[in-house]
Amino acid sequence: MQKQYPSRRNEARSVDAIHVRMVAAVALVRPAEPDDAARLGRVHVETWRATYRGLLSDEYLDALSDIRQAAFWSRVLDDDDHVGRAHVAEDADAGVVGFCDCGPERGGAPSWGKIMAIYILPDWQRQGLGRRLVGASGNHLTAEGFESLVVWALEDNPARAFYSALGGESAEKRRLNIGGVDVSEQCFRWPSIAGDLKAEGPEPGVAPAKGLSRH
Ligand SMILES: CC(C)(COP(=O)(O)OP(=O)(O)OC[C@H]1O[C@@H](n2cnc3c(N)ncnc32)[C@H](O)[C@@H]1OP(=O)(O)O)[C@@H](O)C(=O)NCCC(=O)NCCS
């Protein structure tokens, strides 16, 4: 498959971990804007294919469309009543390389917020962007009055280690069917965002998320 974005991680791999952190620090974490929808669609599809190949069916993954996903994210980002907020990680050269969307945990207690989606392009993973994106989401949810956080991850997904590293406690599992394949998902919880979430927000100077009305 043709690469969508230039890689700076390979460059970083050739040096030491300190340099990796310096490269990572270049990416800006900021609230997503409606104009980001096309990039979110591409990051979403490319990361799904890289992460879930072997876990979900090839037919399902191959049929994913960045245009359809962009349309989905366009609706989300254009929704003025959306209490949640997506944040993006953006590199000056590569553009948007990852994003995280958060919002209310529908059907749960009103104080619970949820990470709806977090996807970072493979070449940009393990450089601290996930921690910063979740931190930005935690800050946003706290500002909106949420106290607790939940996320679901496929049981076979290495992301489970990520959520544990951020202080998430593993909770219940559930079965679901994605594209014809039965899979198991694991829930992670942070009962207190303020006390339990080991994450970092955007760097100082980045505008906070705009105030949004709850619906
Ligand atoms: C999961 C994901 C969001 C994590 O973001 P990231 O930027 O790669 O993670 P970070 O660099 O912020 O990692 C923070 C810590 O989490 C842990 N961690 C993250 N990814 C890990 C992995 N694959 N295996 C083990 N531990 C991991 C580490 O302790 C890490 O700290 P360290 O690098 O100092 O050891 C990102 O890798 C991703 O988009 N993966 C593919 C899509 C996906 O699975 N999304 C989640 C769906 S539920």
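This is a short talk on how one protein chain is put together, from its sheet to its central helix and the shell around its ligand.

Before anything else, please keep in mind that what we have here is a predicted model. The protein has 215 residues, of which 34% count as buried, and its secondary structure comes to 8 helices and 7 strands. If we take the contacts between residues at least 6 apart in sequence, 68% of them join residues at least 24 apart.

Let me start with the sheet. The 7 strands form an open sheet with mixed pairing, and the order across it is S1-S2-S3-S4-S5-S7-S6. At the edges stand S1, residues 28-31, and S6, residues 169-178; each has a single partner strand, so one side of each is left without a neighbour in the sheet. From one strand to the next, the twist averages 25°.

Which way do the strands run where S2 meets S3? They are antiparallel, joined by 7 bridges, and the connection between them is a hairpin of 3 residues, with Asp91 standing opposite Gly95 in S3. On its other pairing, S3 meets S4, again in the antiparallel sense and over 7 bridges, and there Asp101 has Ala117 in S4 as its bridge partner. S3 itself is mostly covered, since 9 of its 10 residues are buried. Moving on to S4 and S5, we find strands that run parallel and are joined by 3 bridges; Trp112 is paired here with Ser148 of S5.

Now to helix H6, on which I would like to spend a little longer. Its 15 residues, at 1.5 Å a residue, should span 21 Å, and the end C-alpha atoms are indeed 21 Å apart, so the expected and modelled spans agree. How much of H6 is buried? The count is 12 of the 15 residues, so the helix is largely enclosed by the rest of the structure. Among the buried residues are Leu129, Gly130, Leu133, Val134 and Gly135, and also the polar or charged side chains of Arg132, Ser137, Asn139 and His140. After the helix comes Gly145, with a positive phi near 100°.

Two residues of H6 show what surrounds the helix. Leu133 belongs to the largest nonpolar core, a set of 38 residues, and together with Ala89, Val97, Phe99 and Cys100 it touches the most other members. That core draws at least two residues from each of H3, S2, S3, S4, H6, S5 and S7. Setting aside residues up to four places away in sequence, Leu133 touches Val29, His87, Ala89, Gly98, Cys100 and Ile118. The next residue to consider is Val134, also found in helix H6, which has 27 C-beta neighbours inside 10 Å and therefore counts as buried. With the same sequence neighbours left aside, Val134 is in contact with Cys100, Ile115, Ile118, Leu166 and Ala199. Its C-alpha atom is 8.9 Å from that of His87, although the two residues are 47 apart along the chain.

On the way into H6, there is a loop from strand S4, and Arg126 lies in it. The phi of Arg126 is near 60°, a positive value in a residue other than glycine. Is Arg126 buried, exposed or in between? There are 13 other C-beta atoms within 10 Å, so it falls in the partly exposed class.

That leads to the ligand. Which residues are closest to it? In a shell of 19 residues, they are Gln125, Gly130, Pro158, Ala161 and Ala165. H3, S4, H6 and H7 each supply at least two residues of the shell, and H7 gives the most, with 4 residues.

Finally, a word on the segment after helix H8, which is where Lys198 sits. Lys198 is partly exposed, because it has 13 C-beta neighbours inside 10 Å. Beyond residues up to four places away in sequence, Lys198 touches Leu166 and Gly167. The C-alpha atoms of Lys198 and Leu166 are separated by 4.6 Å, with their positions 32 residues apart along the chain. Leu166 is also among the contacts of Val134, and that brings us back to helix H6, in which Val134 is found.

How values were computed. Residues are numbered from 1 along each chain as its sequence is written. This is a predicted model: local features need pLDDT of at least 70, side-chain atom pairs count only at pLDDT 80 or more; totals for chains, interfaces and linings use all residues. A residue is buried if 20 or more other C-beta atoms lie within 10 Å of its own, exposed if 12 or fewer, and partly exposed in between; C-beta atoms are placed from the backbone. Two residues are in contact if their C-beta atoms, placed from the backbone, lie within 7 Å. The expected span of a helix is 1.5 Å times one less than its number of residues. A nonpolar core is a set of buried Ala, Val, Leu, Ile, Met, Phe, Trp, Tyr and Cys residues joined through C-beta atoms within 7 Å. Two strands pair if DSSP finds at least two bridges between them. Axes are lines fitted to C-alpha atoms, for helices over the stretch in contact, and angles run from 0 to 180 degrees between N-to-C directions. A residue is near a molecule or strand if its C-beta atom, placed from the backbone, lies within 6 Å of it.
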